[in-house]
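Biologist: I should like a close look at a single part of this model, namely the surroundings of the ligand. Please describe the residues found there and the elements to which they belong.

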Amino acid sequence: MVIGVLALQGAVSEHLKMVTACGVTARPVKTEADLKNLDGLIIPGGESTTIRKLLVREQMFEPLKTLVQQGFPVFGTCAGLVLLAQPDLLNGLNGTVVRNGFGRQRESFETELTVKGWSKPYHGVFIRAPYLSAVQKPAEALVTLDNGRIVAAQQDHVLVTAFHPELTGDERFHRYFIEKMVVGEGK
Ligand code: GLN
């Protein structure tokens with residue numbers, strides 16, 4: 001099994017390390033050719049406008065969108081959530097994205113999260129994070145804050161988090177992606 005990490009901009013090396021820590025081969029993805037022979041892909045945090053522009057420049061945007069539409073397993077964190085959930089971008093999860101949704105006062109913060117179906121909380125690291133104000137079926141919220149903001153969700157083969165699980169040393173979200181979306185081919 002090989003999991004790619006989109007390596008155009010953003011928190012790439014941390015995701016590569018997490019995938020490796022899960023016992024799975026990780027490979028940086030920089031070109032359209034790199035998209036081949038993968039079992040799943042992670043779109044990291046960074047700046048979604050920049051990543052989108054680089055995807056277009058490298059002629060990877062349409063091939064990636066096609067993969068997502070065909071049911072290829074993809075995990076997007078932070079900027080990756082924006083790219084996956086916006087209907088005008090990769091359109092892989094039915095939800096309403098609020099970019100930089102926590103505003104200036106709370107540009108970066110950390111908090112314990114309750115994940116649907118998990119017994120232990122997950123430490124969420126948020127950096128200029130987006131959130132989802134709503135998700136529509138078949139998308140399903142995995143983490144909803146007390147104020148109703150959805151910060152993790154899944155839809156079939158697509159997993160998104162508004163926070164940065166690659167910065168915690170807690171592999172559970174990466175393992176969840178590998179076990180449910182890549183091996184289990186969605187839920
Ligand atoms: N605010 C960024 C965006 O909308 C995301 C920030 C991040 O990935 N840490 O692209």
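Modeller: The account below begins with the ligand, passes to the annotated residues, and ends with the strands and the nonpolar core. The model is a predicted one.

The residues around the ligand are G45, G46, E47, S48, C78, A79, V82, R99, N100, I127, R128 and P130. By character, this shell divides into five nonpolar, four polar and three charged residues. The UniProt record, an unreviewed entry, gives the annotation "binding site" to G46, E47, S48, R99, I127 and R128. These annotated residues are spread over 83 residues of sequence, yet they cluster in space, with a largest C-alpha distance of 12.9 Å.

Two of the annotated residues may be examined in turn. S48 belongs to helix α2, which covers residues 48-57. S48 counts as buried because 25 other C-beta atoms lie within 10 Å, where 20 or more are required for that label. Apart from neighbours within four places in sequence, S48 is in contact with A79, V82 and L83. Of these contacts, A79 and V82 are also listed among the residues around the ligand.

I127 belongs to strand β7, which covers residues 122-127. I127 has 18 other C-beta atoms within 10 Å, and is therefore partly exposed. If residues up to four places away in sequence are not counted, I127 touches G45, C78, S108 and H164.

The contacts of I127 with C78 and H164 lead to a second annotation. For "active site", the unreviewed UniProt entry lists C78, H164 and E166. These residues span 89 residues in sequence, but no two of their C-alpha atoms are more than 10.9 Å apart, so they gather at one spot.

C78 is placed in the loop between β4 (74-77) and α4 (79-85). C78 is buried, because 29 other C-beta atoms lie within 10 Å. Leaving out residues up to four places away in sequence, C78 touches G45, I127, A129, P130, A162 and H164. C78 thus appears both in the shell around the ligand and in the "active site" annotation of the record.

E166 lies in another loop, the one between β11 (158-161) and α5 (172-183). E166 has 27 C-beta neighbours inside 10 Å, and so counts as buried. Beyond residues up to four places away in sequence, E166 touches A11, E14, H15, M18 and T77.

The strands that lead to this loop may be considered next. Strand β10, residues 150-155, is mostly covered, since six of its six residues are buried. β10 pairs in the antiparallel sense with strand β9 (residues 140-144) over four bridges, and with β11 in the antiparallel sense, also over four bridges. A152 in β10 is the bridge partner of V143, and A152 also stands opposite T161 in β11. The hairpin of β9 and β10 has five residues between the strands, and G148 there takes a positive phi near 90 degrees. In the hairpin of β10 and β11, two residues separate the strands, and D156 in the turn has a positive phi of about 50 degrees.

Finally, the largest nonpolar core has 55 residues. V5, L84, A85, A153, V160, A162 and F177 have the most contacts inside this core. A162, as stated above, is touched by C78. L84 is in contact with I43, V74, G76, L90, G92, L93, V158 and V160, leaving aside neighbours within four places in sequence.

Conventions
Residues numbered from 1 in each chain as written. Predicted model: local features only at pLDDT ≥ 70, side-chain atom pairs only at ≥ 80, totals over all residues. Near = placed C-beta within 6 Å. Nonpolar A, V, L, I, M, F, W, Y, C, P; charged D, E, K, R; others polar. UniProt positions renumbered as here; feature names shortened; annotations may be inferred. Buried ≥ 20, exposed ≤ 12 C-beta atoms within 10 Å, placed from the backbone. Contact = placed C-beta atoms within 7 Å. Core = buried A, V, L, I, M, F, W, Y, C linked by C-beta atoms within 7 Å. Pairing = 2+ DSSP bridges.
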